[in-house]
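Student: I'd like a close look at one part of this protein, the sheet and whatever sits around it. Could you walk me through it in one go?

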Amino acid sequence: MKNFFRNFKPFNFKKIIHKKGALILILSLLPGIYFYVIGRPRFMTESIFVIRKTGDNPSELNLSTFLSGGNVGSKEDSGYLKIYLKSIEVFQKLEKQYKLMDFYLKNNVDLISGIKANDEFTKKYDLFKKQIGIKLNESRGIIELKTYGFNPEVSYKLNKYLLNIAENFVNKTN
């Protein structure tokens, strides 16, 4: 027991604090280095549109239109459209027509964001769903569509394509 206390050295708190401080500094700088030096910029395109059903008569007042806030058919169409725009069918059309996932491939510098060319279908589809943000205001039938890309042109074209699909979808359902 005496040997234990003889060989025991007290902690050098300055060294510990210095090492922890350096570790905290390094861990704080890593995200900044990634986001401002390595990571690719992301661009967003936003569209806001309203869906109105052609058969709706705004002057018609009854209990059901009062309780539901009116324009019931438009609300249903908006909900279906929100689901449809993120569907596998839309993804497959985009992939077939434009090879969309080629624009989201990983590059040599930024190994975190993007997808590998040989990744399986489900990973590609999951990435596609993350590139689209759809917010639905059910009380008004307003849809806010946001698309994301690694360059502004891809973000814009994806948004424009989805707007065309939305227009066709609404025209077919009316």
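**The sheet and its surroundings**

Tutor: Let's start with a strand pair: strand 1 and strand 3 (residues 142–149) run antiparallel and are joined by eight bridges. Within that pairing, phenylalanine 43 sits opposite glycine 149 of strand 3. Keep in mind that this is a predicted model.

Now the other side of strand 3. Strand 2 pairs with strand 3 over six bridges, again in the antiparallel sense. Here lysine 135 is the residue that stands opposite glutamate 144 in strand 3. Strand 2 and strand 3 make a hairpin with four residues between them, and glycine 141 in the turn has a positive phi of about 75°.

Put the pairings together and you get an open sheet of three strands in the order 1-3-2, with antiparallel pairing. Strand 1 (43–50) and strand 2 (132–137) stand at the edges with a single partner strand each, so each has one side without a neighbour in the sheet. On average, neighbouring strands of this sheet are turned by 15° against each other, direction ignored.

What packs on the sheet? Helix 7 does, touching strand 1, strand 2 and strand 3, and its direction makes about 20° with that of strand 1. As for faces, in a regular strand the side chains alternate between the two faces of the sheet. Strand 2 shows a covered face made of Ile132, Ile134 and Leu136, while Gly133, Lys135 and Asn137 make up the uncovered one. So Lys135, the residue opposite glutamate 144, belongs to the uncovered face.

Helix 7 also takes part in some ring pairs, so let's follow those. The structure holds eight aromatic pairs. In one of them, the ring centres of tyrosine 84 and phenylalanine 169 are 5.1 Å apart and the planes are at 20°, which is under the 30 degrees cut-off, so the pair counts as stacked. This pair links distant parts of the chain, with tyrosine 84 in helix 4 (residues 72–85) and phenylalanine 169 in helix 7 (residues 152–173), 85 residues apart. Tyrosine 84 counts as buried because its relative accessibility is 16%, and phenylalanine 169 counts as buried at 16% too.

Another pair involves tyrosine 98 and tyrosine 161: their ring centres are 5.4 Å apart and their planes are at 85°, so this one is edge-to-face. It also links distant parts of the chain, since tyrosine 98 is in helix 5 (residues 88–98) and tyrosine 161 is in helix 7, 63 residues apart. Tyrosine 161 is buried, with a relative accessible area of 13%, whereas tyrosine 98 counts as partly exposed at 43%.

That brings us to helix 5. Two packed helices are described by the angle between their axes and the distance between the axes. For helix 5 and helix 6 (residues 121–130), the angle is about 100° and the axes are 11 Å apart, so helix 5 and helix 6 are roughly perpendicular to each other. Helix 5 contributes Ile88, Val90, Phe91, Gln92 and Leu94 to the contact, and helix 6 contributes Phe121, Lys124, Tyr125 and Phe128. Several of those names come back in the rings: Phe91, Phe121, Tyr125 and Phe128 form one aromatic cluster.

The loop between helix 5 and helix 6 deserves a stop as well. Lysine 99 is in that loop, and its phi is near 50°, a positive value in a residue other than glycine. For context, most residues other than glycine have a negative phi. Lysine 99 counts as partly exposed because its relative accessibility is 46%.

Serine 113 is in the loop between helix 5 and helix 6 too, but serine 113 is buried, with a relative accessible area of 17%. Leaving aside residues up to four places away in sequence, serine 113 touches Tyr34, Arg40, Lys106 and Phe150. Two of these partners meet each other: arginine 40 lies over the face of phenylalanine 150, at 3.8 Å from the ring centre.

Finally, the wider setting. The protein has seven helices and three strands, and along the sequence they follow the pattern α-α-β-α-α-α-α-β-β-α. Buried residues make up 31% of the 174 residues. Of the contacts with a separation of 6 or more, 67% are between residues 24 or more positions apart.

Conventions: Residues are numbered from 1 along each chain as its sequence is written. This is a predicted model: local features need pLDDT of at least 70, side-chain atom pairs count only at pLDDT 80 or more; totals for chains, interfaces and linings use all residues. Side-chain values use heavy atoms; hydrogens and water are left out. Rings of Phe, Tyr and Trp (its six-membered ring) pair if their centres lie within 6.5 Å; planes under 30 degrees apart count as stacked, over 60 as edge-to-face and the rest as tilted. Helices (H or I, at least four residues) and strands (E, at least two) are DSSP runs, numbered from the N terminus. Buried means under 20% relative accessible area, exposed over 50%, partly exposed in between (1.4 Å probe, protein chains only). A charge sits over a ring if NZ of Lys or CZ of Arg is within 6 Å of the ring centre and within 35 degrees of the ring normal. Two strands pair if DSSP finds at least two bridges between them. Axes are lines fitted to C-alpha atoms, for helices over the stretch in contact, and angles run from 0 to 180 degrees between N-to-C directions. Contact means heavy atoms within 4.5 Å. Angles under 35 degrees count as roughly parallel, over 145 as roughly antiparallel, 65 to 115 as roughly perpendicular and the rest as oblique.
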